[in-house]
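Reader: Please take a close look at how the ligands are held in this model and at the strands and helices around them. I would like one connected account rather than a list.

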Amino acid sequence: MATTTTQTDIQQSIVKQQKAEQRKKQILNLVLLALLLLAPAVFYPVFLMKILCFALFAVALNLLLGYTGLLSFGHAAFLAAGSYTTGYLLSSFPGVTTEMGIVVGTAASLVLGLGFGLVAIRRQGIYFAMITLALAQLVYFFFVQAPFTGGEDGMHGVPRGYLFGMVDLSDNTAMYYFVLAVFLAGYLLVQRIVGSPFGQVLKAIKQNEPRAVSLGYNVDRYKLMAFVLSAGLAGLAGSVKTVVFQLASLNDAHWHMSGEVILMTLLGGTGTLLGPVVGAGFVVTLEYQLSQGPLGDWVDPILGAIFVLTVLAFRSGIVGEIQNFMRKNMG
Amino acid sequence: MSQASRRDYEQLRIDGLHAFYGESHILHGINIEVKRGELVTLLGRNGAGRSTTLKAIMNMVGRRTGSIMINGEETMSCAPHHIARLGVGYCPEHRGIFSGLNVMENLTLPPVVRSGGLGLEEIFSMFPNLYERRASQGSKLSGGEQQMLAMARILRTGANMLLLDEITEGLAPVIVEKLGDVLVKLKEKGLTIVLVEQNFHFAAPLADRHYVMEHGQIVEEISAGELESKQSMLDKYLGV
Amino acid sequence: EISNDTVKIGYLADMSGTYRDLAGPNGLTALEMAIADFGGTVNGAKIEVVSADDRNSPDSASSTVRRWVENENVDLVAGLVASSVTIAVSNILEENNRLGIVSGSAASSITNEHCTPNHIHYVYDTYPLANGTASAIVKEGGETWFILTADYAFGHALENDVTRVVEENGGEVIETVRHPFPTSDFSSFILQAQSSGADVVALANAGADTTNAITTAGEFGLTQSGQTLAALLLFLTDVHALGAQSAQGIQLTTGWYWDMNEETREWSDRFMEEAGVRPTMVHAGIYSSTIQYLNAVKATGSDDSQTVRKQMMDTPINDMFAKNGIIREDGRMVHDMYLAEVKTPEESESEWDLYEIVRTIPGEEAYRPLSESKCKLVTQN
Amino acid sequence: MTEILGVPVAVLSGQLMLGIINGSFYALLSLGLAVIFGLLKIINFAHGAMYMLGAMCTVLMFDAFGVNYWVALFLAPVVVGCFGIVLEYFLLRRIAGQDHIYSLLLTFGIALILQGVLINIYGVSGLRYSMPEVFRGGMNLGFMFLPYYRAWVIVAALLVCFGTWFMIEKTRLGSYLRAGTEDSQLMQGFGINVPLLISLTYGFGVMLAAFAGALAAPIYSVSPVMGSNILIVVFAVVVIGGMGSIAGAVITGLMMGVVEGFTKVFYPEGSAAVIFLVMVVVLLIRPSGLFGKEA
Amino acid sequence: MSEPFVLETQSLVKEFKGFVAVNDVNLKVQRGHIHALIGPNGAGKTTVFNLLTKFLSPTRGKILFKGMDITSMKSAAIAREGVVRSFQISAVFPHMTALENIRVALQSFEGNSFRFWKSGESLNNLNDRCMALLDSVGLTEFANTTTVELAYGRKRALELATTLAMEPELMLLDEPTQGMGSEDVEQVVELVRKAAEGRTVLMVEHNLGVVSKLCDRVTVLAQGSVLTEGDYQEVSDDPRVREVYMGGTATKKQETAE
Ligand SMILES: Nc1ncnc2c1ncn2[C@@H]1O[C@H](COP(=O)(O)OP(=O)(O)OP(=O)(O)O)[C@@H](O)[C@H]1O
Ligand SMILES: Nc1ncnc2c1ncn2[C@@H]1O[C@H](COP(=O)(O)OP(=O)(O)OP(=O)(O)O)[C@@H](O)[C@H]1O
Ligand SMILES: [Mg+2]
Ligand SMILES: [Mg+2]
């Protein structure tokens, strides 16, 4: 008898804890939403949109890196695939509406992600990272050679167009709220995925793959699914970015971009939902601010120093460290 | 060194040892004394902190306070490699076989710290399996073979104080028996041994004294002679 | 009327990457020298400068320039190096009706298919580079050509231009090879060039690719075996890096050289005091174009882009950078170009004494004639 | 003249030779990377920067003190190696045992700092360094003109590669190194000064990169950015060879030099991408690389 | 369904580069039995397990599960068929709580694990069963503890609970009592006995006390081949088994176990 009461007690306390965490998450979401809704009043919208695009990109990567334990070193390929596809459609086919362009761009990345995934998914650890890098380099080569990308010059003058044929996106504020909506959709989707039964399995795979196999999970399929979802979201980020900036360039496909998004994610904190968002915001803001000021030619060394510092002093990333701190000081 | 050969010489003395893994406080003031040539065991339930005690001696836990004297020398500020050089051989709980090295390499890996260790022939005659598998990669050994290798490895170094963590784990009864004989021989040679064991039937006939641990503390010290009289108390602690 | 009573100039260039040395932080120095020389104010209005690193990324450049023009009232964007950045920026400038003066980019498409009524291309482009060097060499008897091209837009443009010039002058391009950008080991390509048997080996690439190719050509004795090496785009900084020893005898086309006359020497001495190096043609162009811009603002009393551009087009440029330079309706600043030959170590008297000006190529001859232009501003009329 | 696919055999043999030379650089660089990864489990993104430092050191020592090539070839790696040890001691050591990705981030940060600072001092156009007198000129092999210096590159690189392989696979020190990477704490428990061993290993790996840099100084444009592009190619080489496999890194380095060389003849545009194509194919067939041990 | 043997191997052979680890093993495990596989170290027991669950593929031979040939099936598929193993070296999900560890196992039956759009709360209905399982291995109070923080023995208990959660038809246990204190061994014996009701268990175990108490049938493996088979008494009386495996302790052990 005694054991059953303790059992239910414990179980209840677990559920209560879960509820409390859920509430915390919701409050956090609301705070985030409020901040982002009000942000254009304070900050320059184009700049905010850039942050949101990269934040979505980083959130997509984090689904793999933070929750599945797969380090993809080729995510730039998906960003660029979304970016170029949308750019090409919108500038070459006047009949294509903005949202159609974005949807097709995202779909292109999904397909590319599936291709990458099928090739890469069975490799382990560092080999996985490197094969994604290699594939991304081949994609880069394709974009350099393909005539429609404009090569090194890039693709310019992509029209922003009208959303659903009604909202004029050339207005920065309208564009901002559209980007915000897309970002939130992506963010909440990842939040949902991570908490879902599927997300639990991803976590299990990350922590002990052979064990997950022996529990009857076909881990390759799970990993592939996660990879494709992540690629699609990265493509979505690329598509939206193209609409915002009205251009697509090779920078999006370069391996530096793959590296940068990893850095953003780590800096913010992998395995936390908000981490990549904060990391992206931080890196984009920092690069922007530094490149403007008198330290213009010191951007790289300063970024480098920040990375070094992060690894040495705040290993769990900005958000991770805050969480740790709160945990410690709140029992 | 004349001092060291005196039988009642204190080989190991632990005073007020506390140890931590990050935030968690595992050992709460442990006091242990082991004389030269003695074999003592650390008994206790799972999670009592026995392995942690051995690791703390080797300076392999996060943080420790207190005092650990080996051969009369304070080692709290020593790096692990210095501790080994004092003649301490450590056989870890999870065997610690190097998967990238083959059996031979694993075996000859620990540097000889003192003369008087076992030769390779002696070791191979003790564990013929290892001889058969000598060119195999460490990771390809069976569980028991790894255990033998982990034990054999430190016998070679000539260490005069052995810290052995669950060495009978996963071994076939014949081998366990043989291992018991080995420990007896080592004791005869004057080695000091601290043994952490679950298999009380294995440890009981070998040990001079037993320390019983619970929740990171020593709760009882029982000498071999007292074993009978204190059996029921021991059973309570061990939950038999 | 001058908006906000300030003329605000934004300097945008690669401050930390591959193109740093040809414009970069020293370009900002040139710009500031120009403002100081102009007197620091124009018609009583302040002249302000903001600067930013474009990180060679059109995204970064766009968000910077958008904020400059939309929020900070920047009137002129100067510098502009990587062509992807330049094209992206010129689109924004057109949208917001501000002015840009491009000093660093090489692509001739900037005033051709990508022309806008809102920018001016000031210093050089691929067209005269090919024109100057290739025609001179063909005339000296270099009939068959092997072109080593960097495999990106700039390289392709240069390659096309060279091929056209060579063929127009009666020469023949027998082989072109496109190398990835960037490449560090050119030995394989140099070997191919050697075995092609061409008279002339032309390098249609830039920066480290060119210097690497030249070093390797020297090592493999390309010129000893009788072939001529032609580098189509070399900046003074590149030649300086190579040194007279490795670069001697190379012919190249430049828009300006510091040691041409008293005026250029006087200015570049001042520049060297500030920056510690001799100026490239881009640095000189930034200085010159800024002065011209401020003159136009002064003359018209306005900082409206079209007014100023019109005024600049109407005023021939005569300063230490150009003689009788004219800004055409497509935005191209047409001025004389120079065919230079790198001096031998014996001839070179100092670290920066590197060029011998062999010939002056008149502007009209050097640049793409308007009749061939695809610029919308030209074809509309 | 005999031809293969429309290219004369003489040209192809020349390209083969050049491929091997170029491969020697890859071999040296990937060897250092493999040593560091294999033994320290550090993904050394600062490797390109160390290569660059080796070359810069060679040039700067000449400019400042007139240090000649031979001395520099020895001194530059030592200086950079010591620098590597300092880095290891003060920075990398602190993240020992953490996930790979932290070492990646840390070394990437270090590379950014080194490169950025040097760009601000020396610019990007490159520094001059002239070919040492003894190596001027070359020999005619019949099918090609082989500069003496390139011949020297092969000899030097192969000697160093072989020496390294031997030390790691065949000596006792090597077995300490290999074991230390698996469980350094336990190794220390056996009485081996693992921290020192690790510092020295990192220093040594970095030294190999710097040696390659010093070798490259007379023939490639020496500038702060020279390391950043070669980095991922070298990573690819290490992966194709099998991470951590010393012999694999060397052999694959040479092979990739040759593959790239031939691509430069048949499809020059693709010569930068071909290594990645090879990598994808190899990993599809052998998931742990050509010489990697099965996981 | 009516074959008496749930699992059968036919001339199973596994060679590693010239070394024969498993040599022509014909193993028959009867439905409802607790069947022990014992033998000296390196005899090939773990390897047999690895073959049965396809962590290794056999060089030759056949594996039949309920009469069905599963020799060429993949690991995960075999697990879903109902053959589940525990690991010799403890293998939990270290950064999940004990409860979550079990839930992941239970979840694999729900068949909805692929639905990434489902809310995580849908998993809470599994909590009751998780708690029951945890309780049965004495881990109730650790339900909400992150697994890394558990002592070794508790990890093993958790591992066992996870395996049970899979409701396997055939459970493969590789040294389930290894590293456990004697009190826990007792508990595990009880647990295995309980768990074995209605299913079949094949276990490797060096603790002969456990074997003698639990097992209906014992197969002795030595040097890759079957040495003998029978119930515990028969096997322990076999002088060959005493020589290669049990040594003099056999009788002693048996006494203490009783
Ligand atoms: N790396 C670690 N981090 C945090 N806590 C740990 C760690 N290792 C062990 N512990 C905790 O320390 C306590 C003592 O563990 P220890 O391994 O010393 O126990 P033990 O007596 O050897 O038991 P066992 O029989 O399980 O080996 C346990 O409660 C365990 O949870
Ligand atoms: N991957 C492998 N490659 C080569 N040999 C192997 C491999 N795996 C196992 N072996 C060898 O096969 C033999 C059988 O190993 P196995 O792990 O099956 O033994 P076991 O019966 O489980 O022993 P234990 O009781 O010690 O766990 C051992 O000698 C081992 O060294
Ligand atoms: Mg223990
Ligand atoms: Mg086993």
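Author: In this predicted model, a backbone N or O atom of Ala48(B) lies 3.1 Å from an oxygen atom of ligand 1. The side chain of Arg50(B) also takes part, with an N or O atom placed 2.6 Å from a ligand 1 oxygen atom, and from chain E a polar backbone atom of Glu149(E) is found 2.4 Å from an oxygen atom of ligand 1. On its own, ligand 1 has 640 Å² of accessible area, and the protein covers 80% of this. The elements that contribute two or more residues to the shell are β2 (24–35) and α2 (50–57) of chain B, together with α5 (152–165) of chain E, and α2(B) gives the most, with 3 residues.

Ligand 1 thus sits between chains B and E, surrounded by 19 residues, of which the closest are Arg50(B), Ser51(B), Thr52(B), Glu93(B) and Glu149(E). Sorted by class, this shell comprises 6 nonpolar, 8 polar and 5 charged residues.

One contributor to that shell, β2(B), leads into a sheet of chain B. There, 4 strands form an open sheet in the order β2-β1-β4-β5, with antiparallel pairing. Its edge strands are β2 and β5 (73–74) of chain B, each of which pairs on one side only. Between β2(B) and strand β1 (residues 10–21) of chain B the antiparallel pairing extends over 9 bridges, and within it Ile14(B) has Ile32(B), in β2(B), as its bridge partner.

The second site, that of ligand 2, also lies between chains B and E. Of the 20 residues around ligand 2, those that come nearest are Ser142(B), Gly144(B), Lys45(E), Thr46(E) and Thr47(E). Polar side-chain atoms approach oxygen atoms of this ligand from both chains: Arg133(B) at 2.9 Å, Thr46(E) at 2.5 Å and His206(E) at 2.9 Å. The protein covers 91% of the 630 Å² of accessible area that ligand 2 has on its own. At least two residues of the shell come from each of α7 (143–155) of chain B and β2 (19–25) and α1 (45–52) of chain E, and the shell as a whole divides into 5 nonpolar, 10 polar and 5 charged residues.

Chain E has a sheet that brings the account back to the first site. This open sheet of 6 strands follows the order β7-β8-β9-β4-β10-β11, with mixed pairing. Because β7 (83–85) and β11 (225–230) of chain E stand at its edges with a single partner strand each, one side of each is left without a neighbour in the sheet. On average, and ignoring direction, neighbouring strands of this sheet are turned by 20° against each other. The edge strand β7(E) runs parallel to strand β8 (residues 170–174) of chain E, to which 3 bridges join it, and Arg85(E) has Leu172(E), in β8(E), as its bridge partner.

Helix α5(E), which packs on the sheet, touches β7 and β8 of chain E, and its direction makes about 165° with that of β8(E); α5(E) is also among the elements that supply residues to the shell around ligand 1. Helix α9 (residues 239–246) of chain E packs on the sheet as well, where it touches β4 (34–38), β10 (217–222) and β11 of chain E, with its direction at about 125° to that of β11(E).

Conventions
Residues numbered from 1 in each chain as written. Chains lettered and ligands numbered in written order. Predicted model: local features only at pLDDT ≥ 70, side-chain atom pairs only at ≥ 80, totals over all residues. Heavy atoms only, no water. Near = heavy atom within 4 Å. Polar contact = N/O pair within 3.5 Å; in protein donor to acceptor, adjacent residues only side chain to side chain. Areas by Shrake-Rupley, 256 points an atom, 1.4 Å probe, with all protein chains shown as cover. Nonpolar A, V, L, I, M, F, W, Y, C, P; charged D, E, K, R; others polar. Pairing = 2+ DSSP bridges. Axes fitted to C-alpha atoms, helices over the stretch in contact; angles between N-to-C directions. Contact = heavy atoms within 4.5 Å.
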